[in-house]
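Biologist: Mind if I pick your brain about this one? I'd like to go through the rings and the helix packing.

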Amino acid sequence: MEQSSDLDISVRRRTSALTESPANDAEFDRNPTGLPANSKTGEKKDLKGKDDEKDKGVLKFALRASSPAHRRIKESPLSSDAIFKQSHAGLLNLCIVVLIAVNSRLIIENLMKYGILIRAGFWFSSRSLRDWPLLMCCLSLGILPLAAFGVEKLVRKKFISEKVAVSFHMAITMTAILYPAYVILRIDSAVQSGVTLMLVACVVWLKLVSYAHTNYDMRAIANSGEKNETLYMDYSNNVSFRSLVYFMVAPTLCYQTSYPRTASVRKGWALRQLIKLVIFTGLMGFIIEQYINPIVKNSRHPLKADLLYGIERILKLSVPTLYVWLCMFYCLFHLWLNILAEILRFGDREFYKDWWNAKSVEEYWRMWNMPVHKWMVRHVYFPCLRNNIPKGVAFLIVFFISAVFHELCIAVPFHIFKFWGFMGMMLQVPLVLFTKYLQDKYTNSMVGNMLFWCFFSIVGQPMCILLYYHDLMNRKVNSS
């Protein structure tokens, strides 16, 4: 009787634990019998004597028809409360397979209908060879960092005052933008050459501003005696030419006297990234020539056509434009900057964050281009706050500067100043506020992320391409 009583108590305890404790729910799914598994073979242990009889009793009651199958509250895996707690690797694989299948069909259909439209001189042509003044202008920009270095040497040795040094730096940085813009506008060059030169000029401008601002700030800290050793900054009076040269070629826009460095250069890894860069650059050229150019050439001006026609053109152009933009991001921010960082042993390679998960437009701009974001925060946003400028005004100043440079990189090479790029950037300010409101109101919702993808990629970029293409065609017609 005592043994039978002990068995009943054991059965009741184990059955109660299985039916009442949510913590044992997953364990029950793995092992519904409740018998201990062998750690090496996964098989049930063969217990002897009384323990064997107790486990048989548990087995007898645990798998009966009257044992509860539902023991706690659970959500469906795709419900709004549980969807982000699940792994979606299988669905991601399905999307990849579907994208490959759909795009393969579209490629075959396009080739059957139009043939191969890729021109041999897409990237380089005889016209590009005539753009040698732009190449000489690009090479001559290397004089400007030398001039900035000379100014820093003079001000460190007290030969010129701080105000004179600031005036010289302003002249040098303005030359970095105005001189290339003047050369491009004077010469009817290829658009690719002009865009490349303006991008280089903007990078040089950003670097020179950071170099001048950082040295000015380090002198101010050194003179005030408020050094912060925790920042590991060198506040000495030495101006290193070597550090300037490294900064001008490093994949960063923020000047420091030293940077975190890796131990060695992985030559094989860098070569593999270079091969990927060539492949994806060729893929961009294929999409542009085979898909985007025919769509754009066969379309009317989006602001001069009827509404439905404009929507149809924008939607048809959105998919190839999105692919080109993603390839551009991958080539520039992942492949090229990592190759450059590997060659220079540059340690901090956070060139972007997971911007694809951005729930607002503001998050996107903070994560997709980290070199520019760090420059804006370091040299524009926080200096504005330190000068008692409200956060909202500082935010608008940051967007205004970004809009100006976007317009310069597009309008100058196209010789068109209708401010489409500038307005496209500034119109994102209300979109930032709207998606920020949605993010605050619906914390776990992805509505803001969907709006970002819709307005930025599906509508914004195709619209800009159509506007600038037709304005370019009208300019060529009027000039001829």
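Modeller: Let's fix one term before we start: a residue is buried when its relative accessible area is under 20%, exposed when over 50%, and partly exposed in between. Keep in mind that this is a predicted model.

Biologist: Okay, is Trp 325 buried or exposed?

Modeller: Its relative accessibility comes out at 8%. The cut-off for buried is under 20%. So Trp 325 counts as buried.

Biologist: And what about Trp 453, which class does that residue fall in?

Modeller: Trp 453 has a relative accessible area of 22%. Buried would need a value under 20%, and exposed one over 50%. That leaves Trp 453 as partly exposed.

Biologist: What kind of aromatic pair do Trp 325 and Trp 453 form?

Modeller: Two numbers describe a ring pair, the distance of the centres and the angle of the planes. Here the centres of Trp 325 and Trp 453 are 6.4 Å apart, with 80° between the planes. Planes over 60 degrees apart get their own label, and for Trp 325 and Trp 453 that label is edge-to-face.

Biologist: Which helices does that pair of Trp 325 and Trp 453 link?

Modeller: The two residues sit 128 apart in the chain, so to speak in distant parts of it. Trp 325 belongs to residues 307-344 and Trp 453 to residues 447-479. Those are helix 12 and helix 18.

Biologist: How many aromatic pairs are there by this rule?

Modeller: Rings pair if their centres lie within 6.5 Å. Some of them join up into a cluster, with Trp 325, Tyr 352, Phe 395, Phe 399 and Trp 453 among its members. The count of pairs comes to 29.

Biologist: Phe 395 and Phe 399 are in helix 15 too, right where helix 17 comes in. How is helix 15 oriented to helix 17?

Modeller: The two helices pack with their axes 11 Å apart, at an angle of about 130°. Roughly perpendicular stops at 115 degrees and roughly antiparallel starts over 145. That makes helix 15 oblique to helix 17.

Biologist: How many nonpolar residues does the contact of helix 15 with helix 17 have?

Modeller: From helix 15 come Phe 395, Leu 396 and Phe 399, and they meet Gln 428, Val 429 and Val 432 of helix 17. Gln falls outside the nonpolar and charged classes, so it goes down as polar. With 1 polar and no charged residues in the contact, the nonpolar count is 5.

Key: Residues are numbered from 1 along each chain as its sequence is written. This is a predicted model: local features need pLDDT of at least 70, side-chain atom pairs count only at pLDDT 80 or more; totals for chains, interfaces and linings use all residues. Side-chain values use heavy atoms; hydrogens and water are left out. Axes are lines fitted to C-alpha atoms, for helices over the stretch in contact, and angles run from 0 to 180 degrees between N-to-C directions. Helices (H or I, at least four residues) and strands (E, at least two) are DSSP runs, numbered from the N terminus. Angles under 35 degrees count as roughly parallel, over 145 as roughly antiparallel, 65 to 115 as roughly perpendicular and the rest as oblique. Contact means heavy atoms within 4.5 Å. Rings of Phe, Tyr and Trp (its six-membered ring) pair if their centres lie within 6.5 Å; planes under 30 degrees apart count as stacked, over 60 as edge-to-face and the rest as tilted. Buried means under 20% relative accessible area, exposed over 50%, partly exposed in between (1.4 Å probe, protein chains only).
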